[in-house]
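Visitor: Please take one part of this structure and look at it closely for me, setting each element beside its partners and its surroundings. I would like one connected account rather than a list.

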Amino acid sequence: KNSASGALAMGLPLFSTIPTAFEETRFGAAEATFMLRRYRKMNSSRYPDYANALEMIDHFSSLGFSGAQLTMHGLDSKLAKKILKRRGELDFYMEGQIKLPKDENDIARFDQQVAETKAMEVEIIRTVCLSGRRYENFDSREAFQDFRNASEKSLQLAEPIMRKHKMLLAVENHKDWRTDEFIEILKKIDSEWVGVTLDTGNNISLLEDPMEVVKALAPYAFSVHLKDMAVEEYEDGFLMSEVNLGDGFLDISGMIAEIRKHNPDIRFNLEMITRDPLKIPCLTEEYWATFDKISATELAVFLGKIKEHKSKKALPRISEMSADEQLALEIENNKNSVLFAKKNYGFS
């Protein structure tokens, strides 16, 4: 398979026009696609937590996925060899995940994890600046500005490490940055080794049109979190949920085409998170603590679109289900989405 880093190594432009015959058609999964089973410790004997990354790869493959974003550092040598062998057998691609360095004292840790990830034949590392949500984590513009300054510093510390190892760092738009803010940061870093994990749905929570987000960030994208979204109104704003591909209001085919215009060989990873709807309380004063540039007109237009795209059926609620029911639904959602992607979006 062609790759962005391979193009760099040959001295080609990072996003040169690649013949369609070389387009990446394998369809992968983000780790959060299996958030319930991976992180929630739900004590199910029928659906136990994965013992290691090899088990996850086998499970993902059994559902029809041909790649994944998983942690690929810190593995013992025997497990690492088994994973490399199994990936070869399955033609299964991998993208890594690493936390950004917090400060100068954290550079050695980051450097080691990047090196270990590269040793697992991985070329792209996904990361985030914020693990939470902007409108929940910060209660003032000053607090958010401190976060922004710290994030820029972390990326500046990470960039020389990525350049040294010739690895691509793909920073997700993770309910933290509005598009103009994110692009400002990327331009400030100004590196061919630092780009974007383009999430197709996250910025709805920041009151941005998802297709406009894709158009703006696609030139910087190294990897994709592909998801469909459904919304409904509630008293403090709106609710939003990841839903099975094809069940939401996003123009997924248009998004894929837009992204591939800039990087025909980019990898698409499903992020179908099975959970209760997220509350976006944009009609409360607290929500606006970190924003300073959104006009009343912009808000009105956006909320008009929420009303226009309101889901015809209730958004999924799972918290009242038993652990086994939730975990079974998670598997079913992912199975349905990967089948839909292969049938409708040209994935193999």
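Guide: Asp-58 has its place in helix H3, which covers residues 53-62, and in this predicted model it can serve as a starting point outside the part to be examined. Asp-58 counts as partly exposed because its relative accessible area is 30%, which falls between the limits of 20% and 50%. Asp-58 and Ile-280 are separated by 222 residues in sequence and by 36 Å in space, taken from C-alpha to C-alpha.

The part for a close look is strand S5 with its partner strands. Strand S5 comprises residues 168-172 and is mostly covered, in that five of its five residues are buried. Leu-168, Ala-170 and Glu-172 point one way from S5, while Leu-169 and Val-171 point the other way, and all of them are buried.

On one pairing, S5 is joined by four bridges to strand S4 (residues 124-127), and the two run parallel. Within this pairing, Ile-124 stands opposite Leu-168, and Thr-127 stands opposite Val-171. The side chains of S4 also alternate, with Ile-124 and Arg-126 pointing one way and Ile-125 and Thr-127 the other, and all four are buried.

Strand S4 has a further partner in strand S3 (residues 93-97), with which it pairs in the parallel sense over two bridges. Here Arg-126 of S4 is the bridge partner of Gln-97. Strand S3, helix H5 and strand S4 together make a right-handed β-α-β unit.

Returning to S5, four bridges also join it to strand S6 (residues 194-199), again with the strands running parallel. In this pairing Glu-172 stands opposite Thr-197 of S6. From S5 the chain crosses through helix H8 (residues 179-189) to S6, and this β-α-β crossover is right-handed.

The surroundings of these strands include the largest pocket, whose volume is about 1000 Å³. Its lining is made up of 40 residues, of which Arg-126, Val-128, Leu-130, Ser-131 and His-174 are the closest to its centre. Arg-126 therefore appears in two roles, as a buried residue of S4 and as one of those residues closest to the pocket centre. Helix H2 (35-39), helix H5 (107-119), S4 and helix H7 (141-165) each supply at least two residues of the lining, and the largest share, four residues, comes from H7.

Beyond the strands and the pocket, some ring contacts are worth following in the model. The charged end of Arg-134 sits over the ring of Phe-144, at 3.8 Å from its centre. Phe-27, Phe-34, Tyr-50, Phe-60, Phe-65, Phe-268 and Phe-347 form one aromatic cluster.

The count of aromatic pairs comes to 19. Phe-238 and Phe-302 form a tilted pair, with 5.7 Å between the centres and 50° between the planes. Because Phe-238 lies in strand S9 (residues 237-243) and Phe-302 in helix H11 (residues 296-308), this pair ties together parts that are 64 residues apart in sequence. Phe-238 is buried, as is Phe-302. Tyr-287 and Phe-291 form a stacked pair, 5.3 Å centre to centre with 25° between the planes. Tyr-287 is classed as buried because its relative accessible area is 1%, under the 20% limit, and Phe-291, at 11%, is buried by that limit too.

Conventions:
Residues are numbered from 1 along each chain as its sequence is written. This is a predicted model: local features need pLDDT of at least 70, side-chain atom pairs count only at pLDDT 80 or more; totals for chains, interfaces and linings use all residues. Side-chain values use heavy atoms; hydrogens and water are left out. Rings of Phe, Tyr and Trp (its six-membered ring) pair if their centres lie within 6.5 Å; planes under 30 degrees apart count as stacked, over 60 as edge-to-face and the rest as tilted. Buried means under 20% relative accessible area, exposed over 50%, partly exposed in between (1.4 Å probe, protein chains only). A charge sits over a ring if NZ of Lys or CZ of Arg is within 6 Å of the ring centre and within 35 degrees of the ring normal. Two strands pair if DSSP finds at least two bridges between them. A crossover is right-handed if, with the strands pointing away from the viewer, the path from the first strand over the helix to the second runs clockwise. On a 1 Å grid over the protein atoms alone, a cavity is a set of points where a 1.4 Å probe fits but cannot get out, and a pocket is an open set with protein on both sides within 12 Å along at least five of seven lines; lining residues have an atom within 4 Å of a point. Grid points are joined across faces, edges and corners, and a volume is the space filled by probe spheres set on the points.
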